[in-house]
Amino acid sequence: MASLDRNKWLLLASSVGVLVLLVVAAVRENVLLEWRQVQAEVRLDGQPVPVHLRQVVNQTLGVADRCVSCHVSMAPGEQNATGPAQRSHPNVVHDPADFGCTACHGGQGRATLKDDAHGTVHFWPEPMLPVRSTEAGCGTCHATAGIPRREVLDGWSATFERLDCRACHRMDGRGGTIRPDGGGMEGPDLTRVGLTGYRADWHDAHITRAAADTAAPWRTSWRSVSEADRADVERFLATRVAMPSLVSAKSTFFASGCLGCHKVSGVGGDDGPDLTRAGEKDPGRADFAAVAGDRTLDNWFDQHTRTPTSVVVGSQMPALRLTDREVDDLTLFTLSLRRRDVPGSYLPRDRMRVSRFAEREFASDGATVFGAFCAGCHGRDGLGLRAAGVATFPSVANPDFLAVAPDALLSETIRRGRPGRRMRAWSDDTGVRAADIAAIVAYLRTAAATPAPIDSKPARWVQGDPAEGGRLFERTCAGCHGPKGEGLDAPALNNPVLQAAATDTFFVETIARGRRGTGMVGFAESSPIHPTLTRADIESIVSFIRTWGVQP
Amino acid sequence: MTLTPGPAPSRLDADPMPRRDVLGLLSLWSMASALVFATVGALRLPRAAVLPSPSKKFRVTIPETLPPGAAFVPPGRSVAIFRDGDGIHAVSIVCTHLGCIVKATTAGFECPCHGSKFAPDGAVTGGPAPAPLPWRQVTVSGSTVTIDEETSVPTGTKVQA
Amino acid sequence: MNAGSDALRVFRENLRLAPGRIAAAAFRTGVPHTDRSRSTFVFGNVFLHLHSVRTHRWSLRWATTAGLGIATLAAFLITLVTGVLLMFYYKPYPDAAYLSMKDIHFVVPTGRFIRNIHRWAANAMVVTVILHMARTFYTAAYRAPREFNWLIGMALLAVTLGLSFTGYLLPWDQLAYWAITIGANIAQSPREVTDALGVTEVFDPGGLQRLLLLGSDTVGEEALVRFYLLHVMLLPLVAAALMAVHFWRIRKDGGLAKPADVDRRLPAADGTYPVFTEAPQKTYHLAAIVRGRTPAVGHGPEQTVPSMPHLFYAELAVFMLTVFACTALALVSDAPLKELANPLVPENPAKAPWYFLGLQELVAFSAFMGGIGIPAVVLVGLGLIPFLDREEAGTGEWCGGPGGWPLVRRSALIGLASAIAVEAFIIRFGWLREWFPTIPQLVITAVNPGTVLTAIYAGYSMWLVRRYNSTRAGALGLFTCFLGGFLVLTVVGTYFRGPNWQFFWSPADWPLH
């Protein structure tokens with residue numbers, strides 16, 4: 001019967017079809033898989049390695065990384081494997097056979113296909129870190145405390161170089177001497193010295209040894225080190241924790257004033273987004289419309305740091321006029337802002353000290369605190385910042401200003417801010433402590449070489465005529481400071497914190513002497529371009545200015 | 001409705017045209033082979049390609065204070081590591097009888113499950129254990145000691161640190 | 001000594017014959033090549049005896065069923081086998097579930113392929129069960145005496161959707177998590193009415209439904225365990241039980257529906273196989289207590305052929321075709337697995353599984369009407385059809401009944417056109433809320449694009465009933481319209497809805513989030 005035969009043909013065709021499909025699937029699974037083909041080429045001691053899935057498992061960390069199925073030479077016990085793309089892992093603190101790969105490098109450890117494993121697929125939020133940003137992975141767990149700002153760190157580093165310590169010691173892959181007759185480095189490798197520590201009497205020990213040892217390096221390279229240099233070297237050594245790029249990137253971050261607007265781990269301002277976990281941003285959710293190059297977070301941050309508004313429409317972040325190296329540093333640091341839940345036994349000491357014992361990632365010296373919080377607006381040198389379309393940020397390191405401003409004015413202004421203006425109150429919730437404010441003030445005084453003014457008068461002593469002062473103000477000052485002292489281009493004089501913190505002497509002296517380098521001229525001096533004010537005129541103006549403030 | 005002329009066929013008769021149904025057999029056999037092939041493929045699934053347990057090769061840091069002859073068992077591992085003047089060696093502490101974890105004593109090893117006893121070098125001295133405790137491969141390179149729980153070495157192989 | 005050696009000889013002989021005897025014990029009838037042995041082959045086999053011994057030639061035509069019922073069963077069996085295999089590795093616990101899916105995808109031998117087959121077979125089952133229902137409807141096969149089987153079939157449709165929906169959550173990725181969140185909120189939609197009436201505090205069926213489904217206020221580990229239980233245990237058991245009843249009723253209701261004049265419609269048989277011809281040797285003693293028409297004694301069922309081999313080749317062919325389709329799709333298209341579920345980062349748009357996107361489109365108009373009101377009306381209407389349509393014309397024929405194919409064609413046009421028109425209108429002009437921002441919610445619940453569309457369909461169907469003086473005509477029109485509306489809404493929900501459920505011509509136009 002025709003219909004019976006038709007059904008038989010149909011059964012035959014579909015069965016053969018299923019068989020063919022199954023054979024294709026079997027071939028694909030058992031022959032064509034990438035890792036099988038990679039492993040087929042791998043040799044260990046000249047012998048082919050058994051072809052099977054390899055992995056690094058760490059149940060405590062929740063890691064099951066199959067990366068070593070292709071990167072066989074990084075598999076536990078197979079370091080000597082050779083073949084295409086086989087390279088053994090550099091000797092690092094964390095044994096890859098224990099920690100796995102993804103804990104540091106990111107990517108998708110469970111995957112066994114290249115694109116999935118490297119995480120460049122659409123649905124993997126944490127792609128592998130690019131090789132040049134590998135140290136960003138350290139930030140997942142580690143938080144080195146007490147990193148100074150760039151200039152300070154560079155100073156320490158320069159001392160280390162100047163003393164030629166690298167003649168004998170290797171550090172971060174550079175330096176050290178192989179003895180002419182073979183043998184190891186003359187001195188120990190200092191790459192991790194910040195973690196392992198060193199003998200406190202190293203200087204004396206060097207001296208003793210130099211006296212005893214006749215070997216050439218000791219004769220030619222060793223010199224005794226001054227007290228100040230020794231302090232620099234010791235502080236520098238404390239930052240050597242086997243992640244030089246990240247420490248360097250951090251120091252740039254703490255020199256660029258980013259914390260003025262961004263919070264990291266609860267410290268910083270809140271004008272901009274909290275960056276605590278910015279490095280975890282899912283590239284699949286970032287807008288790459290205006291970003292050239294690959295769709296990597298690395299690329300996105302790079303471009304965003306250079307010109308924020310070109311990447312995020314309407315961004316409030318100013319373009320910071322950074323050098324290429326600084327952009328690289330800030331990108332690396334932002335990428336390092338990532339977290340992973342690790343069990344307590346794996347939580348490193350540095351992170352513990354930062355998260356549980358309130359140690360901070362930046363050093364507490366005035367230069368660094370100023371660099372970390374203030375430099376974004378007031379400039380790295382404190383000389384203020386002028387940018388098109390943005391109100392001028394005052395030059396707080398101006399010697400003329402510091403010469404008349406008492407410390408109380410500076411610290412009060414930092415602590416309470418300028419309500420209504422960009423300067424926020426640096427209260428406890430920003431992570432700025434009272435000691436930090438004192439340090440900033442001291443730093444400004446040292447940097448500008450201007451001690452605090454000596455003022456024997458009380459805070460309020462001016463007895464001028466406010467009406468006369470008002471007329472004079474209108475004529476001479478209102479053009480810049482605004483008719484009500486609300487501040488146009490120049491600082492606002494009616495600000496309650498300024499009124500409360502500033503002494504009459506400060507006002508009088510500022511009007512009289514002016515502030516070099518700014519639009520404020522000294523009105524007590526005769527000049528063809530402005531009226532000359534007498535002492536009485538100035539006191540009247542100050543009395544007028546005082547009418548805006550709350551009378552004590 | 002019978003269309004066949006002549007005497008009506010009985011339902012007990014065989015097919016009028018008893019020929020081999022090549023097409024039918026072919027289709028049935030191809031279906032059977034497709035299903036068998038599918039079953040064979042599916043049966044591979046329960047055999048796990050990777051195990052969720054950590055690698056059997058691991059680095060270990062032997063405590064400085066470990067006295068000669070005393071056993072050091074790294075947490076979560078099933079080898080006992082010894083260090084003496086001749087070097088380092090590692091003895092499996094999985095009983096060769098039924099897989100209990102044996103306890104290291106001053107006289108060797110004792111199994112808590114069925115009372116097997118082993119000498120310090122792993123040789124059986126009593127109980128039902130059929131074979132001595134194997135020694136595991138120890139590799140020393142520089143300051144790192146690596147133990148391979150999957151590779152056995154002849155009893156008595158010690159590695160100088 | 002002699003006796004002993006005899007016994008040994010017999011033992012050896014028995015041993016030699018054992019394989020043949022084992023086979024004979026299992027298959028008692030031998031090779032089925034006579035009419036009788038073909039019959040015993042069928043009723044002597046526990047799996048086959050669900051079939052009748054002989055099959056009507058009408059039932060074997062491809063055009064009668066297109067094999068959709070068998071295809072649905074085949075898809076069910078495929079999901080059953082592949083699903084059990086996946087259970088070897090799947091861990092029903094949040095996060096662990098996702099990791100186990102990753103393992104199935106990447107390291108389990110054949111895991112990815114089997115998961116793909118499972119996913120495609122599940123989708124195929126949803127499609128075939130809907131098509132099977134449409135086939136039954138258009139051939140008027142729901143009519144007496146098959147009304148109850150129609151109801152069983154509707155229950156099976158619901159169970160199929162439930163199986164697919166519960167399986168959707170198990171991968172525990174973003175897609176799953178947010179699709180189930182949407183689905184669970186659809187279950188909660190009676191709140192729209194209880195809220196508007198202000199009685200949610202005392203009477204909250206929507207909240208109860210959602211709580212029963214999720215076991216918590218959000219999709220979490222409780223929901224995952226519940227969905228797992230439903231997916232691998234409860235619903236398959238219910239489906240199997242209902243299927244058993246469904247198949248058994250097919251036989252008890254007289255096989256597949258056939259036109260009254262089926263004999264004239266079939267071409268003459270070539271008479272390859274004999275039919276009952278001899279005079280009966282037994283009388284039907286039971287005839288007296290069997291209700292209905294007495295079996296015709298003296299001549300066998302005409303126009304039938306032995307089920308073995310005619311029916312079985314057809315069934316096996318459909319089965320293998322389904323296997324082929326699922327395997328082929330599994331080979332070329334991977335089942336999706338997005339990022340790990342993250343309750344803090346919603347997918348935008350969060351879409352339910354595709355077969356619920358029509359509902360989601362309705363829910364966007366009014367949660368209650370889309371989630372409960374209109375589906376309830378549709379289900380009640382479908383369930384009542386066999387009891388309202390008591391006509392006889394057109395049973396067993398495609399588009400049978402007054403109006404026929406031209407009516408169905410016109411209804412399809414009207415159903416599609418009015419759904420597209422309503423969608424276009426609301427996308428272009430908005431709805432009551434946009435025009436009168438303070439309008440009470442109850443008004444929108446009552447008057448929204450969904451209810452308007454339903455009203456248009458219902459009105460059209462009523463007109464058909466009067467026009468053709470036939471309930472069947474109205475039912476044909478209404479069913480076709482709803483299929484058209486379902487299609488339009490599903491397509492719009494699937495392809496033209498983007499973030500915030502706004503209309504987009506293509507996903508390429510979606511704003512970045």
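**A walk through chains B, C and A**

In this predicted model, chain B holds an open sheet of four strands, which follow one another in the order β4-β5-β6-β7 and pair in the antiparallel sense. The edges of this sheet are taken by β4 (103–105) and β7 (124–126) of chain B; each of them has a single partner strand, and therefore one side of each is left without a neighbour in the sheet. In general, the strands of a sheet pair through backbone hydrogen bonds, and they may do so in a parallel or an antiparallel way. For the edge strand β7(B), the pairing can be followed in detail: strand β6 of chain B, which covers residues 117–118, joins β7(B) in the antiparallel sense over two bridges. Within this part of the sheet, B:Phe118 stands opposite B:Val124, a residue of β7(B).

Chain C can be approached through its domains, since its assignment gives domain 1, made of the segments 56–260 and 316–347, and domain 2, which spans 393–513. The centres of domain 1 of chain C and domain 2 of chain C, taken over C-alpha atoms, are separated by 25 Å. Where the two domains touch, domain 1 of chain C contributes 13 residues and domain 2 of chain C contributes 14 residues. On the side that belongs to domain 1 of chain C, helices α7 (111–138) and α10 (191–197) each supply at least two residues, and the residues of that side divide into nine nonpolar, one polar and three charged.

Chain C also offers a pair of helices whose packing can be described closely, namely α20 (residues 449–468) and α21 (residues 471–495), whose axes come within 7 Å and cross at roughly 155°. Because angles over 145 degrees count as roughly antiparallel, α20(C) is roughly antiparallel to α21(C). The crossing of α20(C) and α21(C) is right-handed. On the α20(C) side, the residues that make the contact include C:Leu453, C:Tyr457, C:Tyr460 and C:Tyr468, while those on the α21(C) side include C:Thr471, C:Gly477, C:Cys481 and C:Phe482. Taken together, the residues of the contact of α20(C) with α21(C) comprise 11 nonpolar and five polar ones, with no charged residue among them.

Chain A, finally, is divided into domain 1 (35–128), domain 2 (150–240), domain 3 (245–356), domain 4 (388–448) and domain 5 (466–546). Of these, domain 2 of chain A and domain 5 of chain A have C-alpha centres that lie 56 Å apart.

Definitions and conventions. Residues are numbered from 1 along each chain as its sequence is written. Chains are lettered from A and ligands numbered from 1 in the order in which they are written. This is a predicted model: local features need pLDDT of at least 70, side-chain atom pairs count only at pLDDT 80 or more; totals for chains, interfaces and linings use all residues. Two strands pair if DSSP finds at least two bridges between them. Domain bounds come from an automatic or database domain assignment. Two residues are in contact if their C-beta atoms, placed from the backbone, lie within 7 Å. Ala, Val, Leu, Ile, Met, Phe, Trp, Tyr, Cys and Pro count as nonpolar, Asp, Glu, Lys and Arg as charged, and the others, Gly among them, as polar. Axes are lines fitted to C-alpha atoms, for helices over the stretch in contact, and angles run from 0 to 180 degrees between N-to-C directions. Angles under 35 degrees count as roughly parallel, over 145 as roughly antiparallel, 65 to 115 as roughly perpendicular and the rest as oblique. A crossing is left-handed if the near helix is turned anticlockwise from the far one by less than a right angle, and right-handed if clockwise.
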